[in-house]
Structure formats: structure tokens, C-alpha cells
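Trainee: I should be grateful for a close look at a single part of this model, followed by an account of how that part sits in the rest of the structure.

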Amino acid sequence: MLPLSDRVACEDVVMFVNAAVTSTGQREFRAGAAEQRMSLAFLHDYVLGNYRDLYAATLALDVNHFNAALVVTNLLRTARLADPQRRAVEGRLIAARLRLLPPQRVYRVFGELRRLGLNNRRTRAIIRDWLAARPDPALDAVKYRRGFSVAARHAHLALPTELGTVLFDWRRPKRYDTPILETWRRAHYEQRSLYGLPYTVAEGLAALHGIDRAKFLTGIAPMLTGGERLRLQSSARRLGVDAVRMDLSRAPLTRLASFVLSLPRAERIERRDELTGALVAAARRAAGRQAGSWGRVVAVLDDSYSSSGSGEKRRRPLAVALATHFLLGVLAADYTGLWLRHRDDPLLVRAAGATGLGERLVDGLAHRPDRLVVVSDGWDNAPPGQAAEVLRIWGTRLDPERRTFVVHLNPVYDSDNFDVRRLGPAVATVGVRDAEDAAALVELARFATGTASFDELRRHLDDRVARFLANEPGRSAVQEPARPEVAA
Amino acid sequence: MSPTRIEGSAPGPWRWDLSTSGLVAGPDQVWGAVRLQPLLRAEPITDLRLHPRLYDPDDLSLVAVDRRTSYVSYIPHAFVASWTADGSPAATYGTQLVDPAAGRPPRGIGLHFHRRMARREEKRRLRFLPLHLALEGYLGLQFGGPPIAWQEWTRRAVTRGLSPRSEAAYAGSEIPGLGDALRIFEIHPDQCGVLLYVADALAAALVVPHPDDYRALHPTLLGDLYGELVHQYAHLYPAVPEFRSRLDDDRVHSVADLRAEVARDRAGWDGLRNLLADGLFGAEYRTVEEVYRMNGFVLSRFLPPFHPDRENHVGEVVTDTDGRLAYLKTFRLSAAQARRGYLLGRLGAHDWDLDATAAALGTDRAGLTLRLDRAGFGHLLRPDILDACRAQARTSGNRTGRTRRRH
């Protein structure tokens with residue numbers, strides 16, 4: 001038995017990682033956005049106050065962008081509480097994480113720093129270094145104009161002449177020498193030029209010029225980033241714009257699952273082969289070399305009404321379940337996916353009905369798999385608590401040697417408990433945001449059951465940090481938007 | 001659950017027969033102080049359906065009501081819809097059974113909304129009449145007024161009965177937590193009804209013939225009426241406990257055992273004996289009035305015995321020839337409302353004769369008069385009689401040194 005303090009510390013950290021992976025501060029099925037943010041803010045303060053080194057180390061894990069930004073802000077906010085050595089490590093972690101974040105998130109962090117009145121030499125250096133590493137500051141000045149100008153003012157940046165002019169006095173010059181800036185200037189007066197701009201910028205200018213939406217989409221299609229292209233699929237199809245069409249299998253798995261679920265069922269049936277093919281291809285890419293290495297796997301997937309998410313996170317839990325279904329299909333040598341109610345093609349699944357996990361768990365366990373993966377928000381209500389009982393009895397009576405590894409992936413943060421909702425005390429529960437990360441998260445799951453010691457957890461985190469910082473310089477931003485080719 | 005009266009039209013005690021209701025209970029879902037217990041129907045009743053006009057034409061998830069010629073449709077009490085030829089909204093007065101083929105609009109009360117309400121109507125959302133109207137309707141349907149023109153009653157009471165008669169109630173949206181509880185409730189596929197508890201006091205029951213009807217009517221529970229007791233409980237009690245299931249370790253030796261144990265646990269929920277609804281189903285009902293009969297379906301209204309220290313539910317019920325419960329909607333009266341109902345009931349039993357009623361209640365004429373006044377029925381009595389009683393009470397009250405409310 002572990003000492004109590006160790007167990008508590010272990011649980012606290014795992015709890016925080018679960019929260020930081022799942023919660024995005026948006027409305028969930030049961031809790032509103034304000035509750036989520038308040039709960040999360042408390043949790044951040046708590047972990048920061050008690051386990052500062054581990055708090056910083058979570059930057060090396062797959063916490064989501066929203067929480068990574070919060071961690072960075074909080075670390076900078078309380079930097080004076082850390083000794084110089086710690087500050088050096090934190091600085092490297094922050095720099096590495098900022099490089100991984102999408103630029104708009106980073107600019108939001110800078111805006112937040114400004115709002116907090118946080119302006120010291122170290123902070124300014126962090127902003128300066130990040131901006132210096134940006135591949136094309138001129139593009140940033142156009143695409144993230146507001147955020148860039150805030151950061152520039154806040155960090156007292158010395159900007160090259162044209163950049164300063166375009167941010168703070170753009171109407172003055174008759175022309176710019178930097179091509180993207182010139183394109184942007186011309187786009188204010190000339191429709192043709194705006195097709196050389198990033199989509200988000202061009203969209204506003206197109207509205208200003210009153211350009212027909214279909215025509216605009218056709219023209220801007222080459223400039224779209226992957227995410228934008230995926231978002232525009234349905235509306236482009238409606239408008240009959242062919243240029244926006246994409247190879248769906250290039251989209252990230254969970255995003256793609258969300259997109260598939262957003263389609264009407266009739267269309268899903270009509271495009272069944274295309275969509276299934278894309279999902280399988282995306283799953284293959286996500287699994288990489290691990291494909292086929294998981295042995296016999298059974299998944300119990302929650303398609304109850306609560307998996308419909310909220311207005312802000314539409315069908316997110318269901319999309320995670322669907323993506324996990326395809327990912328496990330690739331990861332496992334022998335895979336069986338069991339939905340709570342749905343029986344047919346998984347593509348046609350919809351969120352409805354109560355959450356009767358207990359019965360399906362028995363169905364799954366009857367296969368005696370190597371791994372049983374449960375994807376659910378943990379609100380087992382038909383009858384309440386039956387899943388916990390099934391898993392308890394399975395562990396004590398039918399599988400005392402633990403041949404079956406049971407893991408519960410929970411896509412929903414429960415703001416009342418400061419954690420994802422657990423099925424039972426003996427079940428390893430981890431938060432999940434993207435199904436792609438499932439493999440890495442399962443690794444962390446063993447710390448959640450209280451079987452691993454705090455030292456092990458610390459070693460695991462140190463290891464992750466070391467790996468994270470090792471490929472520091474060579475690693476470029478993953479979420480980098482496609483660089484538009486600048487029109488002359 | 002056959003609501004046939006015991007003998008002819010004589011009011012007498014009557015109980016529910018739950019065994020023939022065709023319903024089983026499902027596991028409840030708890031959110032804060034609100035407990036929602038689904039009532040499931042293995043076999044939906046298909047020959048009584050919600051009136052097709054009440055379905056949202058834009059909602060594709062609802063299956064079209066089958067085209068069979070012989071089914072009866074029902075329109076719940078106080079349901080707002082554009083019944084009239086010109087499309088203006090109207091509310092039904094009392095639940096009605098109609099032949100959908102007849103094309104005749106149901107009896108209703110035309111409603112005149114302000115612009116805001118009218119705009120909301122355009123969304124064609126299913127809803128019941130807001131606030132007091134529905135409950136007044138219930139009570140107005142039940143109570144006529146003095147049948148004999150005793151001289152103590154005002155002319156108005158004799159000619160018009162209790163109308164206008166108002167009772168205070170809270171809309172569901174004013175009850176904290178109810179909106180969220182209804183929003184996140186996961187409707188079972190075969191669910192045909194719900195029991196709504198607040199702080200484990202039964203607040204309302206809704207039963208419909210078909211799951212599609214239930215899905216259509218589920219959101220209307222929020223616009224529904226609840227007594228002040230429910231409102232207070234929702235404020236006072238933060239949460240109710242969840243009944244978590246418990247499996248027996250000792251019986252499990254194999255997966256098959258585990259499956260059997262799970263099934264046994266699930267079956268434990270089915271029995272209606274687990275319901276906390278004895279106040280509704282276990283109580284005796286003073287009057288059950290058969291209102292309408294159509295193709296074997298019987299629509300009745302029931303009144304509780306108005307015991308101030310027990311639950312009192314008024315409501316409407318439709319049963320079919322087999323005694324299955326096809327439709328049920330109840331409203332829980334508050335203690336004050338039950339007291340008023342009790343007084344009216346006693347008066348009715350004695351043909352509104354003050355002396356006879358007073359004797360039956362073990363008081364005198366002045367005591368009963370004052371009691372009626374305090375219950376809010378002062379306007380029914382002639383003012384001179386009321387004043388005399390008040391004066392008498394004041395003097396006797398002064399004698400005993402108690403302070404009385406001044407008039």
C-alpha cells in the first residue's frame with residue numbers, strides 16, 4: 001500500500017491531466033461553459049500551488065490547446081515563486097509548447113499576458129523568441145493582425161519598417177514592397193487581389209466587396225488550410241463548389257468522425273464507401289507502426305443521448321467513440337465494437353436513449369478480450385452504477401489475475417468533480433480529447449488506479465519531458481496553416 | 001388501472017389497479033433534487049395517438065402517424081395549437097378524444113397573445129397553456145357552485161358558480177433545476193411516460209400511449225404547472241440520493257451467472273412497487289368522473305379526497321377496454337389548495353347548506369364561515385353574514401386575549 005500522501009498526489013496529478021486533456025472551457029452536455037471554466041481555474045490553481053514541477057511537466061503531455069495556454073499563462077504569472085533553475089526548465093517547456101500551439105492560441109496567450117499587466121524581461125524575451133521563430137511575420141501581420149499588434153506593443157518589439165507600418169498605420173504607404181502586405185492593401189480596393197490572402201482575412205474583405213459566396217469559395221480554394229477545407233465541405237457541396245472538395249482521408253481522425261456525424265443519414269448512406277474508406281485511412285495513419293499490436297480488443301461505445309454533446313461541442317463524445325471504433329479496428333488484431341443501442345453500420349450511429357453500460361460490458365467481457373476499452377461519459381444510468389458493479393465482480397470473481405485490461409476513455413470533463421466521471425474505483429479512467437491520442441493515454445491509465453507509485457509517475461513525467469525537450473529545435477509547429485503563395 | 005366508478009354515478013372511494021396498466025418502471029435518472037422515473041411500455045398503444053396537428057411538421061425524427069383509418073386521437077388539456085381556420089392559436093379545454101378523420105376542430109378557447117407570444121407560436125412548438133389557465137380549467141371543470149339558492153350565498157355564487165376561480169401555481173421553468181433535469185434526461189426508446197419527483201415528492205405524472213407522443217410531449221413538462229410545494233422543495237433540497245444497483249458476488253461463478261445477475265438487477269427496476277408514487281397510485285379517489293367515451297377509450301377526471309396531510313393529485317386519465325392506462329396527466333395540489341378542495345367537497349356533499357356542513361365538520365356556522373373566508377371563498381358569501389361572523393370572532397378573540405387580523 002502506498003503512503004497516503006503519495007496516493008493523493010498521484011490522484012491529483014492524474015485528475016489534473018484528465019481535466020486538461022478533456023475540458024476546453026466550452027459547454028458540455030450537462031455543465032455550462034462558466035461552470036467548466038470556474039472548475040478548471042480552481043484546479044489549475046490547486047495543482048500549480050501544490051505540485052509546481054509536475055504542473056509544468058504537463059506541458060509535455062497531450063493536454064489540449066486551451067489548457068496548455070492556461071498553463072503557460074499561469075507559469076508566467078507566478079514565475080517569481082520559482083527558483084532560477086526551475087525557471088530555466090519552465091522557460092524551455094513554455095517555449096517548446098508555444099511552438100506547438102496554433103498561432104492564434106499563442107497570440108491569445110500574449111493578449112492575456114497584456115490584460116494581466118504581466119510584462120517583465122523574461123516574458124518579453126519569450127514573446128520575442130516565439131515571434132522570431134515564426135516562418136513569415138508578414139503573413140502573421142495580415143492573418144493575426146490584432147494579436148500581432150498587441151504582442152508587438154506589449155513586448156516592445158522592434159519591427160521591420162513595413163511590418164510596423166502595416167500594423168499601426170497601414171493606409172499611409174502608396175504601396176508595400178513585401179508581396180503579402182501589398183496584396184492585402186490592394187485587396188481593400190480590388191476584388192482580384194483578395195484571392196491571394198488567407199481565407200479568414202479574405203472572407204471579411206469578400207463580404208465588404210459583396211462577392212457571391214460560391215464565386216468566393218471557388219477562388220479562395222487554393223488558399224484553404226486543412227481544417228478550413230474540412231469545415232467548408234458541406235456548405236461548398238450545397239453551393240456546388242467543386243474546388244473545395246478534398247481527400248477526406250487526409251483529415252485528422254476525430255475531426256473526420258465529427259464531420260461524418262454532421263452529415264444527414266441519407267448522405268452517409270449514399271457516401272458510405274467513401275466515408276468508411278476515409279475513416280479507415282485516417283485511423284491507419286493515426287495508428288502508425290502500432291497497427292495490429294493490441295491483440296484481441298473489445299470496445300463498448302456509448303451512443304446514449306448524452307453523447308450528443310452541446311451546442312458548442314456538437315456530438316463530440318459520439319465522434320470520439322466513432323473515431324476510437326475505427327482506430328481500434330486498426331490497432332487490434334481481432335476487434336469487436338459494441339454500441340449500446342446501435343446495431344448496424346457504425347457510420348449511421350446516432351445519439352439517443354439511456355446509458356445502459358452494464359449489460360453491454362457483460363457482452364464485451366464474454367469475449368474474454370486482452371483489452372476492453374469503454375468510451376463513455378461515465379453517466380451510467382440504466383440502472384445507475386451497474387457498470388461499476390459488473391467491473392467489480394469481473395475483477396474479483398471472474399478475472400482475478402487481470403488478464404483483461406479494462407480502460408475507460410472519457411471525453412467529458414465533469415466540472416463538479418474536477419475530473420472525468422469514473423465508472424468505478426477499480427477502473428482506470430483517462431480523459432480523451434482526440435481518439436488519436438488514445439494509445440498514449442492508455443499508458444497513463446495505470447497511474448489512475450492507485451497501483452503505481454508517485455515516484456513512478458514522476459519518472460514517467462520526467463521521461464516525457466525529456467523526450468519532449470529532446471527534439472526541441474528540429475520540431476516545427478504541427479498546426480502550421482498552409483502557407484499561401486503570395487500573388488504578385 | 002380502470003377508472004370506472006364503483007357504482008353508477010355515486011361518488012365513492014376508488015383505487016388504481018396498477019397490475020393491468022401495461023406499464024413498467026425504468027431506472028430513474030437524478031439531477032439535483034429532481035428525480036425522473038421513466039415508465040416504459042413493451043407494446044405501445046397504437047389506436048390512440050396524439051392529434052396529428054400537434055406534431056411538428058418540420059421534425060423529421062417523428063414517424064408519421066400511421067395512415068390506418070380507425071384510430072382515435074387525443075388532445076391534452078390546455079394544449080395550444082392553431083386549431084382555428086384562420087390559424088390563430090387556441091387552447092383545448094379539457095383533454096379531448098376526437099376522430100382525426102372528422103376534421104372538426106376540438107372545442108377550445110381562442111387565445112389572444114401579444115406580439116411576442118404570437119411570434120413564438122410560429123415555431124409550432126408543442127406546448128401547454130402557460131400558468132394559471134390550465135389549473136383553473138381543472139378546478140372549474142370540477143366545481144359547479146351551490147345547486148340550491150341558499151340565502152347565505154351571493155347571487156353571483158349561485159348563478160356563476162366559482163367562476164372566475166384562480167389558483168396559484170408555478171411554471172416548470174421557475175422551478176430550479178427542473179429545466180436542466182429535463183434537458184439532460186435520456187429518454188428510453190420505449191418510454192411512454194414519466195413520474196417527476198422533486199426532493200422525492202411526486203410532483204407530476206405523465207403517461208401517453210406511444211413513445212413518439214412522449215418524445216413530442218417531453219419538453220412540455222417544463223412549461224407545465226407545479227404546486228407551491230414542489231417549488232419550495234426544489235429550493236430547499238439540493239440533491240436526492242441515487243439508487244445505485246448492487247450485484248451479489250456470491251452468485252457469480254461464470255459469465256453466464258454474471259449476465260443472469262445483471263438481468264435480475266435490471267428486472268428489479270421493472271416492478272411498479274419500487275415507485276415512490278404511493279400518494280398517487282395508492283390513494284383512494286373521492287370522485288372519478290367519466291367524461292367521454294370513444295372506440296373503447298374512456299376519458300375520466302379524478303379528484304383526490306383532499307386530506308390536508310396527504311398527497312393530493314388532480315388529473316385526467318384515459319384507459320382502453322383492457323384497462324390499460326393510455327393517458328394520464330396529474331397536478332399535485334398544495335396543502336392550501338387541498339384545504340380549499342376539502343371545504344368545497346364538504347359543501348358539495350351537503351348541497352352547500354352551511355349549517356349541515358358545519359355540523360359535519362364539527363364546528364358551528366360562524367366557524368365555517370370564517371374558515372371559508374380564510375380559504376379565500378369570502379366572496380361567495382353575502383357580505384352582511386360574513387361581517388357578522390367576523391365581528392363575533394373579534395369580540396370572542398378579544399375576550400381570550402388573542403390578536404386578530406384587522407379588517
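How many residues does the contact take from chain A and from chain B?

Mentor: The model is a predicted one, and every value below should be read in that light. The contact takes 25 residues from chain A and 23 residues from chain B. On the side of chain A that touches chain B, the elements giving two or more residues are helix 19 and helix 20 of chain A. Helix 20 of chain A provides the largest share of that side, seven residues. Sorted by class, the side of chain A that touches chain B holds 12 nonpolar, nine polar and four charged residues.

Helix 20 of chain A therefore merits attention in its own right. It covers residues 386–398, and its buried residues are Q386(A), A387(A), A388(A), E389(A), V390(A), L391(A), I393(A) and W394(A). These buried residues of helix 20 pack against elements of both chains: helix 19 (357–365) and strand 4 (405–410) of chain A, together with helix 8 (255–270) of chain B.

The loop between strand 3 (371–375) and helix 20 of chain A contains N381(A). N381(A) has 22 other C-beta atoms within 10 Å, and is therefore buried. Apart from its neighbours within four places in sequence, N381(A) is in contact with A354(A) and T355(A) as well as with P27(B), Q29(B) and E186(B). By contrast, I269(A) lies 112 residues from N381(A) along the chain, and their C-alpha atoms are separated by 31 Å.

A second reference point is E456(A), which is placed in helix 22 (residues 454–470) of chain A. E456(A) counts as partly exposed because it has 14 C-beta neighbours inside 10 Å. From E456(A) to W130(A) there are 326 residues in sequence and 33 Å in space, C-alpha to C-alpha.

These details belong to a chain with 22 helices and seven strands. The radius of gyration of chain A is 24 Å, close to the 23 Å that the globule rule gives for 488 residues, so chain A is as compact as a globular protein of that length. The C-alpha trace of chain A spans about 80 × 60 × 40 Å along its principal axes. Of the 488 residues in chain A, 45% are buried. Among contacts in chain A with a separation of 6 or more, 72% are between residues 24 or more positions apart.

The domain assignment divides chain A into domain 1 (4–251) and domain 2 (254–450). Taken over C-alpha atoms, the centres of domain 1 and domain 2 of chain A are separated by 30 Å. The contact between them takes 27 residues from domain 1 of chain A and 34 residues from domain 2 of chain A. On the side of domain 1 that touches domain 2, helix 1 (4–22), helix 2 (33–50) and helix 14 (226–239) of chain A each supply at least two residues. Helix 1 of chain A gives the most to that side, with nine residues. The residues of that side of domain 1 divide into 12 nonpolar, 10 polar and five charged.

The interior can be described next. The largest nonpolar core has 149 residues, and within it L253(A) and L327(A) touch the most other members. Helix 18 (residues 316–331) of chain A gives the largest share of this core, 11 residues. Domain 1 and domain 2 of chain A both give residues to this core, so the core lies between them. Leaving aside its neighbours within four places in sequence, L327(A) is in contact with L253(A), A283(A), A286(A), A287(A), A435(A) and A438(A). A second, separate core of 60 residues includes L39(B), I175(B), F302(B) and A326(B).

Chain B also offers a hairpin for inspection. Strand 15 (residues 287–294) and strand 16 (residues 297–303) of chain B run antiparallel and are joined by seven bridges. Within this pairing, E290(B) has S300(B), in strand 16 of chain B, as its bridge partner. The hairpin has two residues between the strands, and N295(B) takes a positive phi near 45° there.

To return to the part examined first, helix 20 of chain A gives seven residues, the largest share, to the side of chain A that touches chain B, and its buried residues pack against helix 8 of chain B as well as against helix 19 and strand 4 of chain A.

Notes
Residues are numbered from 1 along each chain as its sequence is written. Chains are lettered from A and ligands numbered from 1 in the order in which they are written. This is a predicted model: local features need pLDDT of at least 70, side-chain atom pairs count only at pLDDT 80 or more; totals for chains, interfaces and linings use all residues. A residue is buried if 20 or more other C-beta atoms lie within 10 Å of its own, exposed if 12 or fewer, and partly exposed in between; C-beta atoms are placed from the backbone. Helices (H or I, at least four residues) and strands (E, at least two) are DSSP runs, numbered from the N terminus. Two residues are in contact if their C-beta atoms, placed from the backbone, lie within 7 Å. Ala, Val, Leu, Ile, Met, Phe, Trp, Tyr, Cys and Pro count as nonpolar, Asp, Glu, Lys and Arg as charged, and the others, Gly among them, as polar. A nonpolar core is a set of buried Ala, Val, Leu, Ile, Met, Phe, Trp, Tyr and Cys residues joined through C-beta atoms within 7 Å. Domain bounds come from an automatic or database domain assignment. Two strands pair if DSSP finds at least two bridges between them. The radius of gyration is taken over C-alpha atoms; the globule rule is 2.2 Å times the number of residues to the power 0.38.
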